[in-house]
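Visitor: Could you walk me through this one? I'd like to poke at a few details and hear the reasoning behind each answer.

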Amino acid sequence: MLIAILSCMRLKDAVKTSIFSRRWRYLWRFTSGKLVFVDREMETENFKSWVNHILQLHRGRPVDSLIIRFINLVLGPQSSDIDSWVFSAIHKDVKKFELNLKRVEFNLPVQNYEFPHTDKLLSFKYPFVSLKSLILVHVDIEDEVVQYFLASCIYIECLCIRGSNATNNLQVVDPLPNLKKLEVSDCPNIQSMEICAMNLVTCTYQGSKINSPFMKTPNLRELTLGGLFCKSFIFKPNKHSSYSATLVKLVLNLNTRVRKRTNSSPDLPQLHSLKRLELNAVAKIRRGLLFFISLIKASPNLLEFRIELKYTTPDPLRLKMPYPSVTWQQARGGFCHKKLKVVEMISFIGYEEERDLLDKIAEIAPSIEKVLIDTRNTHRRDHKLPNSISGEVRKQMKSNVLRSTESNAMLMACRFPLETKVVVK
């Protein structure tokens, strides 16, 4: 009973119970809950020693989760410590294994950890037999090892691979009776991917331009796209029509730029089932945003629309934005959206393009019940002023900018009907 109680506690708190009495002293070693290791700005060697020490003392089996997260972990020529963490996950028969070695400072002379090959995994009896979730971040995992997990871990529900340099050609193909969530992001050498998973519900792909991977995904409901592949959703939308009709939630991370600005595509996918649309977009000042109205019009049952804008500085090599050109008349087009209830604009500054977009949304969607305009944007707050400007003047100028942004947001609030709840932050 005591071990069951301790298994529900955080590892750190469970260890502290050792001071209660002799009876409690070593009970934490046999817990079966979550083993979570997250760096607190620790040095690499200290972090490795801490993880190794706890894993050597812990005797519990099976374990629900083993989660190891360390930012900018610098690997030496030997990766035996990381290997031992993987093998501990096998010994403990974990249901969830997360190895997150995320790098924030990409200029560091580091290399990804290489996940053990299949021959090492097969040296254990029934490796990862109970695994339900595998999350690997900045861990190089080869295609053959991915296929091993998909073929051998019959309970797997979630597979996430981010930042792997060794992943090239993925096949996520049935039978995968329990796979519900898949993510493949920021794998620079990815060349192809095939997804035939009848029960897949949520998918994220952020990466290079490849042929559409969604061969057979009839139950796909939530999709996140990014990188160059996301760009094709804007410029060649007909290639996405085979799976887009069933989507309930769509997130587009639009962060690419092109030199030539094109007209709006007349054949946007008809997102008949879509309820929530999220756009995280890179924008350039003085570039219109009315194309996004086209996406709203293509989603007749849309209930929630959220857009977050990040602004870039001028770059002569990146002359145009990736959003097709849409005129004021095209955006309106006599269309009336009868379902849209919630609109959120994050990082609002008050540029004319932002106001135009909100104006058009208010015009085409009289059914809106709530509008959120979030003015907490670092683009203007962190804007660099000349060094010749004194501290007090500098402070006053930034204060004026903030007041101007908030004033613009309040003016936009007046564009919506009185019965619409408008929140300005």
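Visitor: Where is Asn112 found?

Guide: Bear in mind that we're looking at a predicted model. Strand β4 covers 113-114, and Asn112 falls between β3 and that strand. That puts Asn112 in the loop between β3 and β4.

Visitor: Is Asn112 buried or exposed?

Guide: The relative accessibility of Asn112 is 8%. The cut-off for buried is under 20%, so Asn112 counts as buried.

Visitor: Which side chain does Asn112 join in a polar contact of 2.9 Å?

Guide: Asn112 has a couple of partners worth looking at. Its side chain reaches the backbone oxygen of Gly163 at 2.8 Å. The side-chain partner, at 2.9 Å, is Asp140.

Visitor: Let's move on to charges. How many salt bridges are there?

Guide: The rule takes a Lys or Arg side-chain nitrogen within 4 Å of an Asp or Glu carboxyl oxygen. By that rule, the count is 12.

Visitor: Which strands do Arg69 and Glu98 lie in?

Guide: The side chains of Arg69 and Glu98 meet in a salt bridge, N to O at 2.7 Å. The two residues sit in separate strands, so the pair ties together parts that are 29 residues apart in sequence. Arg69 is in β2 (residues 65-69), and Glu98 is in β3 (residues 96-100).

Visitor: Of that pair, which residue counts as buried, Arg69 or Glu98?

Guide: Arg69 has a relative accessible area of 32%, which makes it partly exposed. Glu98 comes in at 5%. The buried one is Glu98.

Visitor: How many residues apart in sequence are the parts that Glu183 and Arg162 tie together?

Guide: Glu183 and Arg162 form a salt bridge, with the closest N and O atoms 2.8 Å apart. Glu183 is buried at 12%, while Arg162 is partly exposed at 31%. Glu183 lies in β9 (residues 181-185) and Arg162 in β7 (residues 158-162), so the parts they tie together are apart in sequence by 21 residues.

Visitor: And where do Lys341 and Glu369 lie?

Guide: These two form a salt bridge as well, with the closest N and O atoms of Lys341 and Glu369 3.7 Å apart. Lys341 is partly exposed at 28%, and Glu369 is partly exposed at 48%. Both are in loops: Lys341 between α10 (328-332) and β17 (342-346), and Glu369 between α11 (352-364) and β18 (370-373).

Visitor: Which residues are linked with Lys249 in a network of salt bridges?

Guide: This one goes beyond a single pair, as Lys249 belongs to a network. The other members are Arg276, Glu278 and Glu304.

Visitor: What about cysteines: is Cys230 buried or exposed, and how many disulfides are there?

Guide: Cys230 is buried, with a relative accessible area of 0%. Cys414, by contrast, counts as exposed at 64%. As for disulfides, the number is zero.

Visitor: How far apart are the end C-alpha atoms of helix α3?

Guide: Helix α3 runs over residues 44-57, and its buried residues include Phe47, Val51 and Leu55. With 14 residues at 1.5 Å a residue, α3 should span 20 Å. The model agrees, as the end C-alpha atoms are apart by 20 Å.

Visitor: Last one: what is the mean pLDDT of the protein chain?

Guide: Of the chain's residues, 73% reach 70 or more, and the mean is 81. Over residues 258-264 the pLDDT is below 50, though this stretch has 28 contacts beyond near neighbours in sequence. Where pLDDT is low, the predicted coordinates should not be read in detail. For the chain, the mean you asked for is 81.

Conventions: Residues numbered from 1 in each chain as written. Predicted model: local features only at pLDDT ≥ 70, side-chain atom pairs only at ≥ 80, totals over all residues. Heavy atoms only, no water. Helix = DSSP H or I, 4+ residues; strand = E, 2+ residues; numbered from the N terminus. Buried < 20%, exposed > 50% of the residue type's maximum accessible area, 1.4 Å probe, protein only. Disulfide = S-S within 2.5 Å. Expected span 1.5 Å × (residues − 1). pLDDT = per-residue confidence, 0-100. Contact = heavy atoms within 4.5 Å. Polar contact = N/O pair within 3.5 Å; in protein donor to acceptor, adjacent residues only side chain to side chain.
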